[in-house]
Amino acid sequence: MAMAWETQLKNYDAERKERSGTLDEVSDHPLRQSIITVHDGRIKKCAGTSSSSASSSTSGTPRRTSATTSSSCGGFDPLASLHPLSSALEGLDPLTLMSAEETVDKNEPCVTKNATLDESFEPWAVKKSGILAKYSTSEKLSITTSFLSGGEKVVVKTQGSVSDKVKNRLEQLDDFEEGSVKEMLNLSQQEYIVRIEELNQALKESWEQDQKVKALKIAIQCSKLLVDTSVIQFYPSKFVLITDILDNFGNLVYQRIHSKAEYVRPGTRIAVPLLENFTPDQVPESAKETCRNWFFKIASVRELIPRFYVETAILRSYSFLTQKEYSRALMRLTRVICGIGDPLVAAYARCYLCRVGMSVAPEVREHVLENFWDFLLTYPQIQRPLVQTTLAQQHMTMATYLTLYCPALDWILQCGAYRAPESILTEVLAKCKSQCHSGLLLNSIMTAFKPEFIANRALEFVIIMKDCDDSAFPKHILFRTLGLCLVVSDPPEEHKLQVLNEVWKIVSKFRCPAEYMSCAEVWIEYPCKHFSKQEINTFIGAVLKQLTPDRAFEAHYSQLATIVDRILAHVHDFSMLFSMDHFLPFLDLLQKESLKVDVCKNIMESFLKYQKEPTHDLVIINALMYICKAMHNSVDALTLEDERRQIGALICGFLQCVSFGRDFEQQLSFYVDARAAFSSLDPVLIQLVQNVNLLAMCTRQVVKGHHTRKTSAFVKACAAYCFITIPSLDGVLNRLELYLLSGQVAVLNQCLSQADACFKAAISLLPEMPSTMELE
């Protein structure tokens, strides 16, 4: 029986909507291997990465994660095994244990990446150049490394008691093949710096060649160099050189993780690079795993100092994990430093931690003062026998040794004092008085805190410094630092004179001219700013008295020049300046010609800048004549043309500033003296001829063209002055022009015979004129 088929009508759009499921965007494959996470001592197994993501958002401390199966290539993953300290911690990773012990503080402020330091905070880049210049050595240095050519082989033995599991974990980091580590001996300072730069280049090349483990090894070996204090005088400079390499390594790690972290914007499927102000929620899990992996590798380093320095170097990478980790990490690393036995090495480790902390999280400051309090607690270690023995072996005094701490302490206290209220200074001073009464600490306190705070307590600081032991820390450094603060900020009005008197009672007792001058070149500004001519003159006289015996001034020319420059910066009344009976004798101490000429130039430039009106003060004129003669007498056949031009311009400016008004005869007499004093400079002679011609025309203007016997004799004298002076010039064109000008002036003043002589002289120069001339 045949059946009739009928087509059933279907609504395909309705069925498609009914059967379609909701699609969620994911960043992981659903068949990814299970992750085992150790948390609070309990093992939790979870599929995918949701659990790992949740844990990373609540705490930035890296947690050990390992795949349940080996890698596809069959190789052993050194990070898959337990931490080398797991036997002591009953299987717990130390970072996991620390994270478990510390609860998350919900009120902890997040670090803002936009936080920046203002101009009042002196950056490390400025400080380190001064450290490299100051802390140098002539002794021989050594480097132990496996990444440079040359040197003697050193056998590196591994500890037999280390288990195979731990050894496999560590062998990639700090176990080297026997004979691969070489020690370079007898390096000069410059050779040492070159070798350090070679290590820096080796690190960069290893990274570019994707040899990340080798780059880490280089960073570890560089950190180990900071343990060596065999040439202790050079240690601050070594710290600067090595930490530059560590900073470079930290930046490479950060950029590596940042390049792997692509962010998928909500509502899109397009992956874009992370923005500068990213949040941990935007970082994909693969980048977080890479970040944790770096921290796990560094946590496996056995030696404390390399582990501390390398972890501190990559501290910025915590921003990929959480915004709330910096405070805990910085405090944890602060406690790690307590395990460093050498007080100098520990002080610079604290300096590096505070430096990195201020660069990655300037708003987090708790660790800074904690580092300073810890330094106060460990300060007595400086007096222990081991340190004394080291100083004796290196022939170094305790005072010199303590100055090695200055860069580290200055930086730590600068970080603590940045935008800090005055109450912090009160607290720091109180603890210093109660725990260790040290000039070293006072010096760093005055360097770090605002000059206004120091100036308000200037008298208190002077009293404290008087009681400090001079053998422990040089007093002249303390008074110099105080002077630098008082130059910037003024003490209370009622204390100004008392502070100066108390300070100079002590400074005047210094028997070493170098110590005395280090204070004098700073403190000269204090009386210039606050007191009269009498106090400034007394101060200059005291310096003269100190430096005259045994010609001690010969070793301090640069400081004497600095004193003059600082006087000129504040004293603009040159009548008062040159009336001081000690000022010109003070200039006589500058017997090094080149330096004396520079000082004389500065005096003349200052005079021309601030002397707005012409002067007829004989005190000023005689003093400046003496100074201009000193400049003129330095000119010889070897003097450069630019130098001649500069000196000539200054002397011409002085001649223009001298005016005796209607006393034309005295003015002409001054020009006669000037011609005798400055006969070697053509620009000055040209200026004198021009001035004398102007003087003759002024005389004609006064008598309105009708000369008396006296004025007629005067203008003839002026014409004779010009006629005698012009032949001294070297340039033919200059002589021709001045003869013509002087002849015209003589004609206007009815001196016909003088005019005739000038014109004849001009005509006689015509054969000497070149056929062509290039004029500027």
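In the next few minutes I will walk through one buried helix and then one patch on the surface. Please keep in mind that what we are looking at is a predicted model.

Let me begin with helix 16, which covers residues 406–417. At 1.5 Å a residue, its twelve residues should span 16 Å, and since the C-alpha atoms at its two ends are 16 Å apart, the expectation and the model agree. As for its surroundings, helix 16 is mostly covered, with twelve of its twelve residues buried, among them Trp-411, Ile-412 and Leu-413. Those buried residues pack against several other helices, including helix 4 (124–134), helix 12 (343–360) and helix 17 (422–435). Just after helix 16 ends, Arg-419 takes a positive phi of about 55°.

Within this helix I would like to pause at Gln-414, which counts as buried because its relative accessible area is 9%, and the cut-off for buried is under 20%. Which residues does Gln-414 contact, once its neighbours within four places in sequence are left aside? They are Phe-121, Glu-122, Lys-127 and Ala-448, and in the case of Glu-122 the side chain of Gln-414 reaches the backbone nitrogen at 3.0 Å.

Turning now to the surface, Leu-740, Val-747, Leu-752 and Phe-759 together make a nonpolar patch of about 330 Å². Helix 35 (732–748) and helix 36 (752–764) each supply at least two residues of that patch. Val-747, which lies in helix 35, is partly exposed, with a relative accessible area of 39%, whereas Gln-414, with its 9%, is buried.

How values were computed
Residues numbered from 1 in each chain as written. Predicted model: local features only at pLDDT ≥ 70, side-chain atom pairs only at ≥ 80, totals over all residues. Heavy atoms only, no water. Helix = DSSP H or I, 4+ residues; strand = E, 2+ residues; numbered from the N terminus. Buried < 20%, exposed > 50% of the residue type's maximum accessible area, 1.4 Å probe, protein only. Polar contact = N/O pair within 3.5 Å; in protein donor to acceptor, adjacent residues only side chain to side chain. Contact = heavy atoms within 4.5 Å. Patch = residues over 30% accessible without salt bridge, like charges linked within 9 Å, V, L, I, M, F, W, Y side chains within 5 Å. Areas by Shrake-Rupley, 256 points an atom, 1.4 Å probe, with all protein chains shown as cover. Salt bridge = Lys/Arg side-chain N within 4 Å of Asp/Glu carboxyl O. Expected span 1.5 Å × (residues − 1).
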